[in-house]
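The following paragraphs are intended to be read alongside the sequence and the coordinates. They begin with one aromatic residue and its partner, and then turn to the chain as a whole and to its local features.

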Amino acid sequence: YAEKHRVNEKDLKRAMSHISAKSHDNALLNEKAHLRKKVSEDDVMCAPIIAHPLGLFDCCGVSDGAACAIVCSVEKAKELGFKDFVTVKSLQIAVSSGEEAQYNDWDGDHIVTTTKASARAYEEAGISRPREEISMMEVHDCFSITELVTYEDLHIAQRGNAVKDVLDGFFDLRNNGVPCQVDGGLKCFGHPIGASGLRMIYEMYLQFHDRAGQRQLKNPKFGLTHNLGGFPFMNISSITIVGKYH
């Protein structure tokens, strides 16, 4: 990524550190997060290296966890006496065709499946300006660099511009951008694999019902969740967009 977009490695590392520190700040506001500890950018920068340039705080942990959801039609929910529904606006899955593993124009700076699935999801949800219309995101932040690249794959940041957006605080909780990992993300929950996707949806549900406490956003319109599995050159990506029922 740094080579492709001519990003100084120190600037990239600082942006990655900001991403991790941001998620820890958000987790301090979430009683369900596992790792509720203040971590500064300098803490991330100076942490022991796991695989250069990824340090200890650039990597999510593996965890145990479970999640469930009851899903039904709006009509059935009305019959049961519920109101203020949170509904699925779009659900898209993209699977690698194998093109990334062969010789072509793909050079490893992004995830092809996320790029394609998100574009289809916006079309299905009737979203034409995701940077302005998406209110919040929960993404697959297995590593800080993955979250940074995902901003671009989701068409929220322009290609090569995510570092600037991150350092400008565009994805922070209170900066009038698109807050990401509002609940703390994989970084502060750990990654129990199968439960992670519903954990993300649960945060959206809380936000739309004004039940997110200190991390509550003002009048969210659309929430996006993103999950990823496999390798950069052979993977599957899913995008879900949810919002209030109108």
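**Aromatic pairs, overall form and local geometry**

Phe-85 has a relative accessible area of 12% and is therefore buried, since the limit for that class is under 20%. The model discussed here is a predicted one. Tyr-245, by contrast, is partly exposed, because its relative accessible area is 37%.

These two residues belong to the aromatic pairs of the chain, which number 4 by the rule applied here. The ring centres of Phe-85 and Tyr-245 lie 5.9 Å apart and the ring planes meet at 70 degrees, so the arrangement is edge-to-face. The pair links distant parts of the chain, with the two positions 160 residues apart in sequence. Phe-85 belongs to the loop between helix H4 (74-79) and strand S3 (86-95), whereas Tyr-245 belongs to the segment that follows strand S6 (234-244).

A second pair is formed by Tyr-151 and Phe-171. Here the ring centres are 3.6 Å apart and the planes are at 10 degrees, so the pair is stacked. Tyr-151 is part of helix H7 (residues 144-153) and Phe-171 is part of the loop between helix H8 (162-167) and helix H9 (185-189), so the pair ties together parts that are 20 residues apart in sequence. Both residues fall in the buried class: the relative accessibility of Tyr-151 is 0%, and that of Phe-171 is 2%. Together with Phe-170, Tyr-151 and Phe-171 form one aromatic cluster.

How many of the 10 residues of H7 are buried? The number is 9, so this helix is largely enclosed by the rest of the structure. The buried residues of H7 include the hydrophobic side chains Leu-148 and Val-149. Ser-144, Thr-146, Glu-147, Thr-150, Tyr-151, Glu-152 and Asp-153 are also buried in H7. Just after the helix, His-155 adopts a positive phi of about 65 degrees.

His-155 also appears in the surroundings of Tyr-122. Tyr-122 is situated in helix H5 (residues 112-125), and it is buried, with a relative accessible area of 5%. When neighbours within four places in sequence are set aside, the contacts of Tyr-122 are Ile-127, Pro-130, Ile-134, Leu-154, His-155, Ile-156, Leu-224 and Ile-241. Ile-201 provides a further point of reference: from Tyr-122 to Ile-201 the separation is 79 residues in sequence and 17 Å in space, C-alpha to C-alpha.

The chain as a whole can now be considered. The protein chain contains 10 helices and 6 strands. The radius of gyration is 18 Å, close to the 18 Å that the globule rule gives for 246 residues, so the chain is as compact as a globular protein of that length. Along the principal axes, the C-alpha atoms fill a box of roughly 55 × 40 × 35 Å. Among contacts with a separation of 6 or more, 70% are made by residues 24 or more positions apart.

Of the 246 residues, 52% count as buried. The chain exposes about 12,600 Å², and carbon and sulfur atoms supply 54% of that area. Its charged side chains comprise 28 positive and 33 negative ones, with the centres of the two sets 6 Å apart.

Several local features of the backbone remain to be described. Most residues other than glycine have a negative phi, and most peptide bonds are trans. Against that background, the peptide bond from His-52 to Pro-53 is cis, with omega near 5 degrees. Pro-53 occupies the loop between strand S1 (49-51) and strand S2 (54-55).

Arg-6 has phi near 55 degrees, a positive value in a residue other than glycine. This residue lies in the loop between helix H1 (2-5) and helix H2 (9-27). Is Arg-6 buried or exposed? Its relative accessible area is 66%, so Arg-6 is exposed, the limit for that class being over 50%.

Asn-176 likewise has a positive phi, of about 60 degrees, although it is not a glycine. Asn-176 is placed in the loop between H8 and H9, the loop that also holds Phe-171. The two residues are unlike in accessibility: Asn-176 counts as exposed at 81%, whereas Phe-171 counts as buried at 2%.

How values were computed
Residues numbered from 1 in each chain as written. Predicted model: local features only at pLDDT ≥ 70, side-chain atom pairs only at ≥ 80, totals over all residues. Heavy atoms only, no water. Helix = DSSP H or I, 4+ residues; strand = E, 2+ residues; numbered from the N terminus. Rg over C-alpha atoms; globule rule 2.2 N^0.38 Å. Buried < 20%, exposed > 50% of the residue type's maximum accessible area, 1.4 Å probe, protein only. Contact = heavy atoms within 4.5 Å. Areas by Shrake-Rupley, 256 points an atom, 1.4 Å probe, with all protein chains shown as cover. Lys, Arg positive; Asp, Glu negative; His and termini not counted. Charge placed at Lys NZ, Arg CZ, Asp CG, Glu CD. Phe/Tyr/Trp six-rings, centres within 6.5 Å; stacked < 30°, edge-to-face > 60°.
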